[in-house]
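Open the model in your viewer and keep the selection panel at hand. The stops below go from charged pairs to a helix and then to rings.

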Amino acid sequence: MLGDRLLHLEEDGKVVLGKMAGRMGETVVRQALRRAMGLMGRQFVMGRTIAEALDHSRPWEAKGYRHSFDMLGEAARSDETALAYVRAYTEAIDAL
């Protein structure tokens, strides 16, 4: 959806990326956008699990960077789901 919006984005009444798509081919532009979004995402999302995030953050920490870790997707609507989140948070705290 974002790629489609960007392909039709107008600046001063001109379709910006749409012209690029016409010259290079829409498939190439879409692949470039997908790659760019993936690279940007890696700047903000270190991993899908706390172990993965810690592994990816270590080289940056060696360079002096510090990180905060958030766990996204909290939507407990039952006791069972809430307990699963408590376990996941406890494991993350232990890992840190």
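How many salt bridges does a search of the whole structure find? It finds two. Keep in mind that this is a predicted model.

**Stop 1: Arg48 and Glu52**

Select Arg48 and Glu52 and show their side chains. They meet in a salt bridge, with 3.5 Å from N to O. Arg48 is exposed, at 75% relative accessibility, whereas Glu52 is partly exposed, with a relative accessible area of 22%. The cut-off for buried is under 20%, so Glu52 at 22% counts as partly exposed.

**Stop 2: Asp55 and Arg58**

Next, select Asp55 and Arg58. Their side chains form a salt bridge as well, at 2.7 Å from N to O. Both residues belong to helix 4 (residues 50-62), and because they are three residues apart, about one helical turn separates them. An α-helix has 3.6 residues a turn, so residues three or four places apart point the same way. Side chains of opposite charge can pair when their charged atoms come close. Asp55 is partly exposed at 49% relative accessibility, and Arg58 is partly exposed at 48%.

**Stop 3: helix 4 as a whole**

Now select residues 50-62 and switch to a cartoon. Helix 4 has 13 residues, and its first and last C-alpha atoms are 18 Å apart, close to the 18 Å expected at 1.5 Å a residue. Look along the helix to His56: there helix 4 bends by about 30 degrees, and a proline, Pro59, follows within four residues. After the helix comes Gly64, which has a positive phi, near 100 degrees.

Which residues of helix 4 are buried? Color Ala53, Leu54 and Ser57, which are buried. Add helix 5 (79-95) to the view: the buried residues of helix 4 pack against it.

**Stop 4: Ser57**

Zoom in on Ser57, which lies in helix 4. Is Ser57 buried or exposed? Its relative accessibility is 0%, so Ser57 counts as buried. Leaving aside residues up to four places away in sequence, Ser57 touches Met46, His67 and Phe69. Show these three together with Ser57 to see the contacts.

**Stop 5: Trp60, Tyr65 and Lys63**

Move on to the rings. A search of the whole structure finds two aromatic pairs. For one of them, select Trp60 and Tyr65: the ring centres are 5.2 Å apart and the planes stand at 90 degrees, so this pair is edge-to-face. Trp60 is partly exposed, with a relative accessible area of 37%, and Tyr65 is partly exposed at 45% relative accessibility.

Keep Trp60 on screen and add Lys63. The charged end of Lys63 sits over the Trp60 ring, 4.7 Å from the ring centre. Trp60 therefore appears in an aromatic pair with Tyr65 and also under the charged end of Lys63.

**Stop 6: Tyr85 and Tyr89**

For the last stop, select Tyr85 and Tyr89. Their ring centres are 6.0 Å apart and their planes are at 25 degrees, so the pair is stacked. The two residues are four apart in helix 5, which means that about one helical turn separates them. Tyr85 is partly exposed at 23% relative accessibility, and Tyr89 is partly exposed with a relative accessible area of 28%.

Note on methods
Residues are numbered from 1 along each chain as its sequence is written. This is a predicted model: local features need pLDDT of at least 70, side-chain atom pairs count only at pLDDT 80 or more; totals for chains, interfaces and linings use all residues. Side-chain values use heavy atoms; hydrogens and water are left out. A salt bridge is a side-chain nitrogen of Lys or Arg within 4 Å of a carboxyl oxygen of Asp or Glu. Buried means under 20% relative accessible area, exposed over 50%, partly exposed in between (1.4 Å probe, protein chains only). Contact means heavy atoms within 4.5 Å. The expected span of a helix is 1.5 Å times one less than its number of residues. The bend at a residue is the angle between axes fitted to the seven residues ending there and the seven starting there. Rings of Phe, Tyr and Trp (its six-membered ring) pair if their centres lie within 6.5 Å; planes under 30 degrees apart count as stacked, over 60 as edge-to-face and the rest as tilted. A charge sits over a ring if NZ of Lys or CZ of Arg is within 6 Å of the ring centre and within 35 degrees of the ring normal.
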